[in-house]
Structures are given as C-alpha cells and as structure tokens.
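Visitor: I should like a close look at a single part of this structure, set out in one connected account. Please give the cut-off behind each term as it arises.

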Amino acid sequence: MSKTAGLIKPVFRILAIGLTVGVVTACTAIYRNHGYVPTEEELAAITVGVDNRDSVLEAVGAPSSSGLLNESGYYYVSTRMRHYGARAPEVVSRQLVAISFDQRGVVRNIERYGLEDGRVIALDRRVTSSSIEDKTFLRQLLGNIGSFNPANVIN
C-alpha cells in the first residue's frame with residue numbers, strides 16, 4: 001500500500017501543476033490588431049499641395065475608408081484590442097490618419113488622431129414606424145375585402 005501511495009503523490013503533484021499552468025495561460029491577455037495606418041516615413045513622402053489622390057494611393061496604399069463625396073479625404077484606421085479571459089474585448093489603442101483633399105484632388109492636410117482625441121458617441125437606434133407592424137400578410141389581405149368598391153374600378 002505504501003508503494004501505491006508513493007505513486008499517487010507525484011501524479012497528484014503533476015496534475016496540480018498542469019491544472020495551474022492551464023488556468024494561468026487561459027487568463028493571458030490576447031492582443032489583436034485591426035486595420036492599417038501608414039508610418040511616419042510613408043506620410044513624409046506625401047507633399048501637401050503637390051500630391052494628388054493617385055500619388056497618395058501609390059505612396060501609402062488604399063485607405064480603410066474614404067469620404068462619401070469626391071472632395072472628402074482618405075481615412076486610415078488601426079485599432080489594437082485586448083481580449084482577456086471571459087471579459088468583453090477592450091480597445092487599447094486606436095490611430096486614425098486623415099488625408100484631406102481640395103476640389104482639384106490635391107492633398108490639403110494630413111492629420112493624425114489617437115484614442116485620446118476621440119469621444120464616445122452614443123448610437124441612437126431610430127426606427128421608422130409602420131402601420132403594418134402587427135399585421136400578418138394574410139390579415140392584410142383579408143382586411144382589404146371589406147374596403148373594395150367596384151364603382152372605383154369602373155370609373
């Protein structure tokens with residue numbers, strides 16, 4: 001019996017160490033990078049007042065997003081998020097480079113923003129109400145039977 005007890009202690013110790021290592025590594029923070037922001041060297045290659053949209057695309061690549069209008073600029077956005085255990089992901093850093101153009105398509109300004117420059121905007125969920133929310137297709141179809149007037153069709 002002492003031989004079996006002597007084997008159980010090392011096995012129990014190995015299991016305890018393995019479980020501890022597993023728990024500790026499961027709670028390690030995981031960082032994920034999303035998006036692309038040009039480096040300072042790439043931005044230095046762009047000359048304000050000289051370069052146009054095409055030369056910016058060649059120098060720093062396609063933007064993450066661009067403005068809706070032609071006079072709008074290019075926006076390069078990069079976000080670093082930390083995932084830690086079962087918690088919700090947390091934004092650690094965010095960088096935004098905005099390159100604006102004038103009406104001729106020439107670079108007007110280059111600006112860099114960070115997470116500290118932004119502000120939280122609460123999204124407002126506005127939904128257009130309709131009169132058919134609670135009515136099924138069959139109810140709408142049968143509801144029109146009493147409102148049919150043949151005189152309107154003849155005239």
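Guide: Two strands are taken to pair if DSSP finds at least two bridges between them; helices (H or I, at least four residues) and strands (E, at least two) are DSSP runs numbered from the N terminus. The model is a predicted one, in which local features need pLDDT of at least 70 and side-chain atom pairs count only at pLDDT 80 or more, while totals for chains, interfaces and linings use all residues. Residues are numbered from 1 along each chain as its sequence is written, and side-chain values use heavy atoms, with hydrogens and water left out.

The part chosen is the run of strands β3, β4 and β5. Strands β3 and β4 are antiparallel and are joined by nine bridges. Within this pairing, Ser 78 faces Gln 95 of β4. Six residues lie between the two strands of the hairpin, where Gly 85 adopts a positive phi near 60°. On its way to β5, strand β4 enters a further antiparallel pairing, this one with seven bridges. Here Leu 96 has Tyr 113 of β5 as its bridge partner. The hairpin of β4 and β5 has five residues between the strands, and Gly 105 takes a positive phi near 90° in it.

Aromatic side chains come next. Rings of Phe, Tyr and Trp (its six-membered ring) pair if their centres lie within 6.5 Å, with planes under 30 degrees apart counted as stacked, over 60 as edge-to-face and the rest as tilted. Two aromatic pairs satisfy this rule. Tyr 36 and Tyr 76 have ring centres 6.1 Å apart and planes at 80°, so their pair is edge-to-face. This contact links distant parts of the chain, 40 residues apart: Tyr 76 belongs to strand β3 (residues 74–83), whereas Tyr 36 sits in the loop between β1 (30–35) and α2 (40–44). For accessibility, buried means under 20% relative accessible area, exposed over 50%, and partly exposed in between (1.4 Å probe, protein chains only). Tyr 76 is buried at 0%, while Tyr 36, at 34%, is partly exposed.

The other pair, Tyr 74 and Phe 101, is also edge-to-face, with 5.0 Å from centre to centre and 75° between the planes. Tyr 74 of strand β3 is here linked to Phe 101 of strand β4 (residues 90–101), 27 residues apart. Tyr 74 is buried, its relative accessible area being 9%, and Phe 101 is buried at 1%.

Charged side chains complete the account. A salt bridge is a side-chain nitrogen of Lys or Arg within 4 Å of a carboxyl oxygen of Asp or Glu, and the whole structure contains three. In one of them, Arg 112 meets Glu 40 at 3.0 Å, N to O. Because Arg 112 lies in strand β5 (residues 107–114) and Glu 40 in helix α2, this bridge ties together parts 72 residues apart in sequence. Arg 112 is partly exposed, at 32% relative accessibility.

Another bridge joins Glu 90 to Arg 82, whose closest N and O atoms are 2.8 Å apart. Glu 90 is partly exposed at 39%, as is Arg 82 at 24%. In the remaining bridge, Arg 104 contacts Asp 102, with 3.2 Å between the closest N and O atoms. Arg 104 is exposed, at 68%, whereas Asp 102 is buried, at 16%.
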